[in-house]
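Hi,

Here's the structure I promised to pass on. Have a look at it first, then read my notes below.

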Amino acid sequence: MELNNPKTINGWCMYDWANSVYSLVITSAIFPVYYNSITTAESGYDKVDFFGLEITNSVLYSYSLSFSFLFVAIILPLLSGIADYSGRKKLFMKCFMYLGALSCIGLYFFNGPEDVELAIICSVMASIGYSGSLVFYDAFLPEIVTEDKMDKTSAKGYALGYIGSVILLVVNLVMIEYHDTLGFAEGQTAVRFSFLLVGVWWILFSQITFSRVPDNVYNQQPKGNILTEGYNELLKVWNSIKGLSVMKLFLVAFFFYNMGVQTVMYLAATFGSKELKLEDGKLIMTVLLINIVAVFGAYFFAYVSKIKGNKASLLIMVFVWILICLGAYFVYNEYEFYVLAFVVGLVMGGIQSLSRATYAKLIPKGSIDHASYFSFYDVAFNISIVFGTFAYGLIEQITGDMRNSTLALMLFFMVGMGFLLLIRVPMHRVIKLEETDSLDKYAFVKKDDRRDS
């Protein structure tokens with residue numbers, strides 16, 4: 001595959017544009033608010049009947065997310081090994097994409113508390129599709145760009161994702177607000193139609209990625225038992241990681257701070273609804289604000305990493321996240337919530353894009369097992385969400401107060417920062433060696449920088 005090809009890079013980034021509408025509309029904005037309103041009675045009773053089990057609606061939602069990410073964490077490593085051995089990363093990516101998108105379309109039929117089982121099943125399947133496709137998508141990053149462009153390319157992907165998801169969210173909000181004019185019988189129908197649009201958007205724009213990113217970077221005809229060989233491929237990568245101390249430490253650090261990041265993203269709207277009693281419209285506008293600010297955050301911290309290094313940039317963001325969790329415990333009015341949301345957006349975009357790029361830089365040179373390496377990254381990603389969302393729901397269930405859950409998230413960030421401090425992330429520079437016949441000669445060098453040690 002040709003490195004640094006603008007057409008390939010733009011095609012790769014378009015998958016962020018395609019799938020991020022799920023992350024915003026389904027997990028952060030419209031669906032959580034709709035789910036909470038549909039499953040809460042006018043009297044305030046918030047218990048739901050899920051296959052005969054009576055449980056608090058928000059707790060059920062937290063647990064269902066935990067299950068979906070746990071399931072993905074179990075199946076992805078072996079699938080990634082098979083994908084690397086057979087050179088079929090894009091095929092696996094397509095399968096998970098269609099699973100996620102069609103499940104979003106299925107949410108259209110969630111029309112009342114009697115459909116809560118359907119809603120949870122579809123949301124779980126959509127989550128599995130979304131998370132499952134990411135490991136194969138992320139694995140293409142070190143195959144399409146050189147190391148010096150990884151931070152910026154990763155940031156561009158996330159930025160496009162935020163922009164695309166904001167566009168569709170605005171369309172959905174206009175559709176919901178003016179449902180009478182647009183021919184919808186009621187606002188609730190327009191809300192459900194927005195879930196259908198997410199699935200269609202995801203499918204359509206993914207085709208750009210699939211048409212521009214090649215299937216693999218090497219020609220290899222699978223031989224023997226593909227399941228066994230896939231396992232062997234995964235085992236080879238696992239043995240390699242055990243000898244890479246920096247990669248191991250980074251995965252542990254990422255596991256803890258991502259536990260906090262993803263839980264905040266998934267449950268922020270629920271916090272605003274239950275603790276601050278914010279109206280649905282204000283909650284959605286807050287999520288919109290977060291995603292707009294995140295575009296600038298992704299590029300800003302990519303620039304910081306260029307100047308100070310990946311480690312310093314990550315440490316700054318994790319420290320800000322600690323302050324966010326502490327601040328959330330003392331937030332009691334909507335204006336304080338908006339300020340907190342602005343700060344969340346700033347570091348949300350940066351920490352996601354830079355974490356992906358940092359890990360890509362740590363993959364050994366010459367490796368073709370990028371999906372297998374990224375499967376461990378995504379296992380850490382998914383298991384961290386399992387622990388984060390489960391702990392958040394469990395603490396709320398035990399104490400009866402979501403605010404106590406935010407303090408637990410703060411501890412996760414502090415542990416993640418501790419492991420980050422132990423890591424020496426190499427910085428990458430482009431140094432001009434000589435100039436001959438008006439043609440600049442460049443070489444990439446990798447060195448430890450004191451500021452990044």
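Start with two helices: α5 passes α14 in a right-handed crossing. This is a predicted model, by the way, so keep that in mind as you read. Helix α5 covers residues 116-138 and helix α14 covers residues 370-399, and their axes come within 8 Å and cross at roughly 140 degrees. Angles over 145 degrees would count as roughly antiparallel and 65 to 115 as roughly perpendicular, so α5 and α14 are oblique to each other.

Who does the touching? On the α5 side, Ser131, Leu134, Val135, Phe136 and Asp138 make the contact. On the α14 side you'll find Ala371, Phe374, Ser375, Tyr377, Asp378 and Asn382. Sorted by class, that contact of α5 with α14 has 6 nonpolar, 3 polar and 2 charged residues.

Helix α5 also packs against α3 (residues 57-86). The axes of α3 and α5 come within 8 Å and cross at roughly 35 degrees, and this crossing is right-handed. Among the α3 residues involved are Leu60, Phe67, Phe71, Val72 and Leu79, while α5 brings in residues including Val116, Ile120, Val124, Ile128 and Val135. How many charged residues does the contact of α3 with α5 have? None: by class there are 14 nonpolar and 6 polar residues.

Now zoom out. The protein has 15 helices and 4 strands. Of its 453 residues, 59% count as buried. If you take the contacts with a separation of 6 or more, 81% come from residues 24 or more positions apart.

Then there's the core. The largest nonpolar core has 149 residues, and Phe250, Trp321 and Tyr359 have the most contacts inside it. Leaving out residues up to four places away in sequence, Tyr359 touches Ile241, Met247, Phe250, Leu251, Tyr373, Phe374, Phe376 and Tyr377. You've met two of those already: Phe374 and Tyr377 also belong to the α14 side of the contact with α5.

One more tyrosine to click on: Tyr299, in helix α11 (residues 280-308). Is Tyr299 buried or exposed? Neither, quite: with a relative accessible area of 37%, Tyr299 is partly exposed, because that label goes to values between the buried limit of 20% and the exposed limit of 50%. Tyr299 touches Ala155, Lys156 and Ala159, again not counting residues up to four places away in sequence. Its C-alpha atom is 9.0 Å from that of Ser353, and these two residues are 54 residues apart along the chain.

Cheers

Technical notes:
Residues are numbered from 1 along each chain as its sequence is written. This is a predicted model: local features need pLDDT of at least 70, side-chain atom pairs count only at pLDDT 80 or more; totals for chains, interfaces and linings use all residues. Side-chain values use heavy atoms; hydrogens and water are left out. A nonpolar core is a set of buried Ala, Val, Leu, Ile, Met, Phe, Trp, Tyr and Cys residues joined through side-chain atoms within 4.5 Å. Buried means under 20% relative accessible area, exposed over 50%, partly exposed in between (1.4 Å probe, protein chains only). Contact means heavy atoms within 4.5 Å. Axes are lines fitted to C-alpha atoms, for helices over the stretch in contact, and angles run from 0 to 180 degrees between N-to-C directions. Angles under 35 degrees count as roughly parallel, over 145 as roughly antiparallel, 65 to 115 as roughly perpendicular and the rest as oblique. A crossing is left-handed if the near helix is turned anticlockwise from the far one by less than a right angle, and right-handed if clockwise. Ala, Val, Leu, Ile, Met, Phe, Trp, Tyr, Cys and Pro count as nonpolar, Asp, Glu, Lys and Arg as charged, and the others, Gly among them, as polar.
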